[in-house]
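Here are some notes from going through this model, written as numbered points. Have a look at the structure alongside them.

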Amino acid sequence: AYAEEGELRLGGGAGLRASREYRWIFGAEGVEVFFSDGRYFHAFQWDAAEAEHLCWDDLYRVKYGFQDWPEWSVEWDVQGPRKDYRMRSAYRRAE
C-alpha cells in the first residue's frame, strides 16, 4: 500500500491539501499500480519506468525517477479534450 499527502499549489493561489492512495504490486520485471479500490491504473518496467493510462479520451503519460532512492519523482503529461497539463512531483518518506 502506498499513500501520498501534500499540498497542491496552482500559480500564486492558496495551497489545497491533497491525498491519494494506491497499491503497488512488485514483480521481477517491474510494478503494477492499482487504485485503492482495486481498479488497474498502469504498469511500468524497472528499466524504463514509464507508462500510459487512458482515462476516457484523456491520455496520461508518466515517467518515474528513482535515481535518488529513497527519494523519487514522477512527471505526468496529460493531454485530451478535458485536460492539458504537465505535473511534476517529488516524494520522500514522511518523518
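1. Let's start with tryptophan 56, which sits in the loop between β5 and β6. Keep in mind throughout that this is a predicted model. Is tryptophan 56 buried or exposed? Its relative accessible area is 68%, and the cut-off for calling a residue exposed is over 50%, so tryptophan 56 counts as exposed. Its backbone deserves a look too: phi is positive, at about 60 degrees, although the residue is not a glycine. As a reminder, most residues other than glycine have a negative phi.

2. The strands on either side of that loop make a hairpin, with two residues between them. Strand β5 covers residues 50-55 and strand β6 covers residues 58-65; they pair in the antiparallel sense, over six bridges. If you want a register check, alanine 51 stands opposite valine 62 in β6.

3. Another positive phi turns up at alanine 49, in a residue that again is not glycine; the value here is near 55 degrees. Alanine 49 belongs to the loop between β4 and β5. How accessible is alanine 49? Its relative accessible area is 6%, and buried means under 20%, so this alanine is buried.

4. Now the hairpin of β3 and β4, which has four residues between its strands. In its turn, glycine 38 has a positive phi of about 95 degrees. β3 (residues 30-35) and β4 (residues 40-45) are antiparallel and share five bridges. For the register here, use valine 31, whose bridge partner in β4 is phenylalanine 44.

5. On to the inside. The largest nonpolar core has 19 residues, and the members touching the most others are Trp24, Val33, Phe44, Tyr64 and Trp72. Which elements give two or more residues to this core? They are β2, β3, β4, β6 and β7, the last of these spanning 72-79. β7 gives the most, with four residues.

6. Tyrosine 64 is a handy residue to centre your view on. Leaving out residues up to four places away in sequence, tyrosine 64 touches Trp24, Val33, His42, Phe44, Ala49, Trp72, Ser73 and Val74. That list includes Ala49, the buried alanine from point 3.

7. Please check the omega values in the loop between β6 and β7, where proline 70 lies. The peptide bond joining tryptophan 69 and proline 70 is cis, with omega at about 15 degrees. For context, most peptide bonds are trans.

8. Glutamate 71 is also in the loop between β6 and β7. With a relative accessible area of 46%, it falls between the cut-offs of 20% and 50%, so glutamate 71 is partly exposed. What does glutamate 71 contact, its neighbours within four places in sequence aside? The answer is Tyr91 and Arg92. If you want a distance to check, glutamate 71 and phenylalanine 41 are 22 Å apart, C-alpha to C-alpha, with a sequence separation of 30 residues.

9. Finally, the surface. Leu8, Leu10 and Leu16 form a nonpolar patch there, and together they have about 300 Å² of accessible area. Leucine 10 is in the loop between β1 (2-8) and β2 (16-26). Its relative accessible area is 61%, and exposed means over 50%, so leucine 10 is exposed.

Conventions: Residues numbered from 1 in each chain as written. Predicted model: local features only at pLDDT ≥ 70, side-chain atom pairs only at ≥ 80, totals over all residues. Heavy atoms only, no water. Pairing = 2+ DSSP bridges. Patch = residues over 30% accessible without salt bridge, like charges linked within 9 Å, V, L, I, M, F, W, Y side chains within 5 Å. Areas by Shrake-Rupley, 256 points an atom, 1.4 Å probe, with all protein chains shown as cover. Salt bridge = Lys/Arg side-chain N within 4 Å of Asp/Glu carboxyl O. Buried < 20%, exposed > 50% of the residue type's maximum accessible area, 1.4 Å probe, protein only. Core = buried A, V, L, I, M, F, W, Y, C linked by side-chain atoms within 4.5 Å. Contact = heavy atoms within 4.5 Å.
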